[in-house]
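Please examine the sequence and the structure shown below. The paragraphs that follow lead through the sheet, the core and the salt bridges.

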Amino acid sequence: MSETIKGLKLIVTIVNRGKGKTIVEAYKKNGVTYHLICLGRGTAKTELLECLGLGHKERDIVLSIAENDEVPPIIKMLNEEFEFCKPGHGIAFTIPIASVGGPHTLNYFIGILGKGVER
């Protein structure tokens, strides 16, 4: 591995049910290669849902791993292409990943390992 990894972040993206695959495709086009889509259901009080613009309760929660320098363009893309800056279109936030359990896991997260590689 010739490149130096500057740090990783977990991108948590919450959208209406059925839109998770579209988000993953957009992330792939922007170089983010590791994703997990989970099904979610809102449990927040109605007042909070209205404040966040999240009236529909069934959600896709997309968990993605990105290098720190990939995050600003991803957030910009979400605002421009998916209008995340408007209420009801989705929300996204990041959580820094302080450590990863070994070089194999790191390589997997950043997309160095191809499909079909023995583990």
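**Sheet, core and salt bridges**

Four strands form an open sheet in the order β2-β3-β1-β4, with antiparallel pairing. At its edges lie β2 (34-41) and β4 (91-97), each of which pairs on one side only. Strands here are DSSP runs of E with at least two residues, helices are runs of H or I with at least four, and both are numbered from the N terminus; two strands pair if DSSP finds at least two bridges between them. Between β2 and β3, the antiparallel pairing extends over eight bridges, and G40 stands opposite R59 in β3.

The model is predicted: local features need pLDDT of at least 70, side-chain atom pairs count only at pLDDT 80 or more, and totals for chains, interfaces and linings use all residues. Residues are numbered from 1 along each chain as its sequence is written, and side-chain values use heavy atoms, leaving out hydrogens and water.

The largest nonpolar core (buried Ala, Val, Leu, Ile, Met, Phe, Trp, Tyr and Cys residues joined through side-chain atoms within 4.5 Å) has 14 residues. Two or more residues each come from β1 (8-16), α1 (20-29), β3 (58-67) and α3 (71-81).

There are five salt bridges in the structure, each a side-chain nitrogen of Lys or Arg within 4 Å of a carboxyl oxygen of Asp or Glu. One of them joins D60 to R17, with the closest N and O atoms 3.5 Å apart. This pair links strand β3 with the loop between β1 and α1, 43 residues apart. D60 is buried at 5% relative accessibility, where buried means under 20% relative accessible area, exposed over 50% and partly exposed in between (1.4 Å probe, protein chains only). R17 is partly exposed at 32%.
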